[in-house]
Amino acid sequence: MIDQNVEPIDLFIIGGGINGCGIARDAAGRGLSVTLAEMNDLASATSSASTKLFHGGLRYLEYFEFRLVREALVEREVLLKAMPHISWPMRFVLPYHEDMRFESDTPTSRLLSFIMPWMKGRRPAWLIRLGLFLYDNLGGRKILPGTKTLGLRGTAEGAPLEDRFAKAYEYSDCWIEDSRLVILNARDAEARGAMILPRTKVLSAARDGDLWRIETQNTESGETRTHTAKMLVNAGGPWVGDIIQTKVRLNSKEGVRLVRGSHIVTRKLYDHDKCYFFQGTDGRIIFAIPYETDFTLIGTTDAEHDDPANKPVCTPEEQSYLLNFANQYFKQDLTDADVVWTYSGVRPLYDDGASSATAATRDYTLKVDANGGAPVLNIFGGKITTYRRLAESALEKIAEQLPNVKGPWTAGVTLPGGDFPVDGFDAQVAKLQDAFPFLDAFWARRLVRAYGTEAPAILGTAKEAGDLGRDFGATLTEAEVHWLMTHEYAHTAEDVVWRRNKLGLRLSAEQITALDAWMAEHRHSLSKAAE
Ligand SMILES: Cc1cc2nc3c(=O)[nH]c(=O)nc-3n(C[C@H](O)[C@H](O)[C@H](O)COP(=O)(O)OP(=O)(O)OC[C@H]3O[C@@H](n4cnc5c(N)ncnc54)[C@H](O)[C@@H]3O)c2cc1C
């Protein structure tokens, strides 16, 4: 279908990960007409496969990435206030042992081996304290508590760890439900006028004078369509290079470095709500994080990944690496049998020629190409944590190309369901249980974490669980699936149980198949209802 009579839109965005959806929201709120195309489900690639932290990135200090760390530290609290349902503060326990070593090619380790060669690559305690001092003070921390030293003997934090760890440092960062962050940005973008097209692949984009002509294909119906836009944004994440070379065909030297990171999930390994930050003898670090009430999340790895078309999976080598790493710290000896789920994502890092995957910059780079007509903005790198700032920087570049773009507005504006105080989560849960007394604690907390102040709208006038329609298991009901299909672009059981929530950890394969069958049966009528 060719939309010949339709006015060209301002911005066409390729990619429905956090960067595409964050830019769509910001741009729509500034009055631009926006269309976003995502070839699969929203957040189906890197943006649902992160470690799920709003963090400054303590270890990036060793790479002297002060700009990135400062921006991310400041941003943690801005984001926390805008989404207190899907993000919350966490304390990180960093056990100290003198065997801890640097990766040999960080600028800090090179400097230290020059001035203190007798350290032989060891990471001294004073350096960790200095790093944590900077971490506490670089970035306008107001809500989150600062660093403290912790004795591990006889404490809940020390209990699961091997006896050789006597001392730790404890500092703050925040958790973020990454895939829900993407969905809520897409929804808010749509509420502000953007058109969000999941399951729509961009086949090509060509300059036609001052405009772009973009061919898309609906990946389910096969229907093709032509869109015209004044500017193109390439937020293809791991595909950014592929889009430059094969879809837009730019003559560009910009490169992307694909670095896979894998996580493993085990049953809950300890009984408190803090995370661990483990340093390895190889200079790398991993986290062990309380996950989905009954589980522990462990990650991540850094492995070169050759092609975005190859779906990233946690290889047996990566799984062993993570288990062995965790086993250097936990008393309990973890084996493959303890792993209940794994996931992997590919970091689309700007190719800055760094020598190792671990060392490649995590900062973002935005490049406009306006040679030969209509402009395109290519996005490289970035973190979940800096997505809002990345969108603001993108809009600055866009404003250089398009007239009358309004100023920044997203700082301090809540995402759907996030209009309650940062410390108001428990009060929201109590309120929901008051209104719907049939909800148990797990169910009520899960709903408030996912939907915040929108949870009552999903439950409607229900007086008992049976009023919510079919029970798909693990507290997932027809009423919630209905909401996800009509309000949150969910199409398949996979969209629901791995990206809108993580009930895939609790549902059996048969239950997921039954959910998928129900969704297939109701898809047509529900998507019509949503129009
Ligand atoms: C293992 C790991 C751990 C991480 N941990 C953290 C963390 O704890 N905190 C943090 O802040 N950051 C973290 N990150 C970084 C963060 O996840 C990424 O920087 C971010 O998700 C990238 O988002 P994106 O939108 O650029 O890419 P993506 O989420 O990959 O989105 C790009 C989208 O473009 C779509 N697309 C591609 N080609 C086309 C086409 N032709 N047509 C239509 N659509 C197309 C893809 O389907 C994809 O959905 C982590 C990353 C990894 C891999």
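Start in the loop that joins strand 14 (295-299) to strand 15 (303-304), because that is where Thr-300 sits. What is the peptide bond from Gly-299 to Thr-300, cis or trans? In this predicted model, the bond is cis, and its omega comes out near 20°.

Another backbone detail turns up at Arg-199. This residue isn't a glycine, yet its phi is positive, at about 55°. You'll find Arg-199 in the loop that runs between strand 7 (195-197) and strand 8.

Strand 8, which spans 200-208, takes us on to the ligand. Strand 8 gives at least two residues to the shell around the ligand, and so does each of helix 1 (18-29), strand 11 (256-267) and strand 16 (339-350). How many residues surround the ligand? The count is 39, and the closest of them are Glu-38, Ser-47, Leu-53, Gly-382 and Thr-385. Sorted by class, the shell holds 20 polar residues, 14 nonpolar ones and five charged ones.

Now zoom in on the oxygen atoms of the ligand. Ser-47 puts a polar side-chain atom 2.5 Å from a ligand oxygen. Thr-385 also uses its side chain: an N or O atom there is 2.6 Å from an oxygen of the ligand. With Ile-18 it's the backbone that matters, as one of its N or O atoms lies 3.2 Å from a ligand oxygen. How much of the ligand does the protein bury? On its own the ligand would expose 1,000 Å², and the protein buries 98% of that.

Helix 1, already met as a supplier of shell residues, also pairs up with helix 5 (residues 178-191). Their axes come within 8 Å and cross at roughly 25°. An angle under 35 degrees counts as roughly parallel, so helix 1 is roughly parallel to helix 5. As for handedness, helix 1 passes helix 5 in a left-handed crossing.

Finally, have a look at helix 9 (residues 425-435) and helix 10 (residues 441-451). Here the axes are 9 Å apart, and the two helices pack at an angle of about 120°. Why are they called oblique to each other? The range from 65 to 115 degrees is kept for roughly perpendicular pairs, and roughly antiparallel needs an angle over 145. An angle of about 120° fits neither, so helix 9 and helix 10 are oblique to each other. Their crossing is right-handed.

Terms used:
Residues are numbered from 1 along each chain as its sequence is written. This is a predicted model: local features need pLDDT of at least 70, side-chain atom pairs count only at pLDDT 80 or more; totals for chains, interfaces and linings use all residues. Side-chain values use heavy atoms; hydrogens and water are left out. A residue is near a molecule or strand if one of its heavy atoms lies within 4 Å of it. A polar contact is a pair of N or O atoms within 3.5 Å; within protein, one must be able to donate a hydrogen and the other to accept it, and residues adjacent in sequence count only if both atoms are side-chain atoms. Accessible areas come from the Shrake-Rupley method with a 1.4 Å probe; for residues, only the protein chains shown count as cover. Helices (H or I, at least four residues) and strands (E, at least two) are DSSP runs, numbered from the N terminus. Ala, Val, Leu, Ile, Met, Phe, Trp, Tyr, Cys and Pro count as nonpolar, Asp, Glu, Lys and Arg as charged, and the others, Gly among them, as polar. Axes are lines fitted to C-alpha atoms, for helices over the stretch in contact, and angles run from 0 to 180 degrees between N-to-C directions. A crossing is left-handed if the near helix is turned anticlockwise from the far one by less than a right angle, and right-handed if clockwise.
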